[in-house]
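Hello,

Here is the structure I promised to pass on. Please have it open while you read; my notes follow below it.

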Protein chains: 2
Amino acid sequence: MDGVSAASKKSPIGHVALVGAGPGDPDLLTIRAARLIGQAEVVFVDRLVGAGVMELISPAAEIVPVGKSKGEHSVPQEEIHRRMIDAAKTGKRIVRLKGGDPFIFGRGGEELEALRAAGIEVEIVPGISSALGCAASAQIPLTHRDMAQAVTFVTGHAALGQEPDLDWHALARSNQTVVVFMGVGTADTIAARLIAAGRDPSTPIAVVENGTRANEIAAFGSLGEAADLISSAGINGPAL
Amino acid sequence: MDGVSAASKKSPIGHVALVGAGPGDPDLLTIRAARLIGQAEVVFVDRLVGAGVMELISPAAEIVPVGKSKGEHSVPQEEIHRRMIDAAKTGKRIVRLKGGDPFIFGRGGEELEALRAAGIEVEIVPGISSALGCAASAQIPLTHRDMAQAVTFVTGHAALGQEPDLDWHALARSNQTVVVFMGVGTADTIAARLIAAGRDPSTPIAVVENGTRANEIAAFGSLGEAADLISSAGINGPAL
């Protein structure tokens with residue numbers, strides 16, 4: 001830009017903490033995350049961050065909502081980057097709060113790259129991924145010596161938006177757990193493709209909305225009835 | 001056994017919290033985990049639990065080490081179950097501390113089943129999986145819109161012990177991140193199989209030992225040089 005960004009390659013010109021807000025319950029924040037949230041002067045927040053977590057933000061802090069809501073107008077990713085960089089350059093304590101863990105979907109990697117490229121120092125604070133939070137809450141182990149020797153996290157959203165570049169045959173193997181993030185809208189398609197690729201329609205599944213929160217809905221059934229399960233449980237928001 | 005277990009099917013006869021101790025740094029415990037650890041009267045601990053986490057245990061609490069150490073004598077899993085059940089039946093506050101997250105490898109699922117079968121009430125407290133902790137610490141996103149649309153956690157240990165029932169061709173696909181737990185001893189084999197299955201030997205890898213702890217070692221290189229990378233970095237303990 002004007003010499004500032006050139007100088008930035010030597011010493012950082014600001015600091016952003018990219019903080020995992022966990023699955024919703026503030027009790028499931030890490031100790032470090034809770035401390036940084038309480039100390040922040042500017043907080044950039046996603047829509048999926050729990051209300052209880054939001055309450056930990058200082059009343060004096062500026063809250064910048066940058067969440068993406070299904071079907072609604074949302075702040076473009078580049079705009080989020082620009083705003084965070086501008087805020088960091090003021091020298092204030094900036095927290096970027098992301099639902100779950102910053103590095104499991106949700107573009108934490110892109111934000112890290114953009115901030116680093118602008119000479120901003122970035123601290124990553126991991127969070128309880130919603131996959132882990134929901135598994136704990138619903139008491140469903142993600143790996144099991146006898147049944148699941150691997151666990152794969154995939155996004156159901158990409159499967160809808162762009163061409164679903166997922167290896168359905170690999171995901172259909174019976175000795176692993178598959179966790180689909182944001183897959184409610186595409187559950188029908190995802191279930192059909194897994195079954196077409198050889199997964200048994202009787203494979204047990206759970207669909208969890210608002211896992212770990214007071215309004216959690218968990219529905220249990222089989223892969224063959226995924227869509228029915230979701231509609232009869234009244235799940236229509238982001239879910240696993 | 002003697003009527004107690006029959007009655008147990010109606011009302012729980014004890015309580016165990018299966019708590020994720022996270023990757024090592026006590027600052028990365030969840031708030032709930034830290035509270036339960038501090039209140040526990042008996043704590044069953046794995047070898048991988050960080051020293052800083054151990055310091056949060058009350059001096060009045062009984063600590064029962066049940067960790068599995070490479071090559072050393074270890075407490076059989078059924079014996080761990082039996083001891084936990086016995087302890088829970090005393091009505092004391094029992095915490096079972098497991099490195100990382102209880103449901104990502106480490107047999108949390110088996111312990112849950114055994115406790116439930118004995119009529120013990122179980123609470124699961126998720127933890128920062130070492131995969132997430134190390135990724136944050138080394139600033140390596142696990143998913144990325146442009147590069148990795150899925151992330152799979154596998155255990156390198158099973159790949160050595162029993163027949164490696166992993167789908168190497170699926171893991172070799174370039175658009176996903178693979179996290180290998182406890183894979184140092186088998187890194188050579190794992191890298192060779194991934195490459196044989198078509199993964200590019202130049203695929204970037206990171207090997208992280210004691211991630212998030214003061215003695216963290218992180219080594220960065222390529223898949224083709226995995227074994228050299230590990231030996232030249234002096235990594236010989238559990239690592240990702």
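B:F181 is buried in this predicted model. Its relative accessibility is 8%, and buried means under 20%. B:F153 is buried too, because its relative accessibility is 1%.

These two residues meet. Five aromatic pairs turn up over all chains. One of them joins B:F153 and B:F181. The ring centres are 5.6 Å apart, and the planes make an angle of 55°. That makes the pair tilted. The partners come from distant parts of the chain, 28 residues apart. B:F153 belongs to strand β6 (residues 150–155) of chain B, and B:F181 to strand β7 of chain B.

Which residues do the ring pairs link into a cluster? They are A:F105, A:F153, A:F181, B:F105, B:F153 and B:F181. So look at chain A and chain B together here, since the cluster has members from both.

Next, the neighbour of B:F181 in strand β7. B:V180 lies in this strand, which covers residues 176–181 of chain B. Is B:V180 buried or exposed? It is buried, with a relative accessible area of 18%. The cut-off for buried is under 20%, so B:V180 falls within it. Its C-alpha atom is 5.1 Å from that of B:V154. Along the chain, B:V180 and B:V154 are 26 residues apart.

Now the two chains. How does chain B relate to chain A? A turn of 180° with a shift of 0.0 Å along the axis lays chain B on chain A. The RMSD is 0.0 Å. This is therefore the relation of a two-fold axis. Both copies use the same surface: 100% of the contact residues of chain B recur in chain A.

Two residues of chain A deserve a look for their backbone.

- A:F105, a member of the ring cluster, has phi near 55°. That is a positive value in a residue other than glycine. A:F105 sits in the loop between β4 (94–98) and α5 (108–117) of chain A. Its relative accessible area is 12%, so A:F105 is buried.
- A:N210 also has a positive phi, near 55°, and is not a glycine. Its place is the loop between β8 (204–209) and β9 (217–222) of chain A. A:N210 is partly exposed, with a relative accessible area of 24%.

Over to you.

Best wishes

How values were computed
Residues numbered from 1 in each chain as written. Chains lettered and ligands numbered in written order. Predicted model: local features only at pLDDT ≥ 70, side-chain atom pairs only at ≥ 80, totals over all residues. Heavy atoms only, no water. Helix = DSSP H or I, 4+ residues; strand = E, 2+ residues; numbered from the N terminus. Buried < 20%, exposed > 50% of the residue type's maximum accessible area, 1.4 Å probe, protein only. Phe/Tyr/Trp six-rings, centres within 6.5 Å; stacked < 30°, edge-to-face > 60°. Least-squares fit on C-alpha atoms with pLDDT ≥ 70 in both. Contact = heavy atoms within 4.5 Å.
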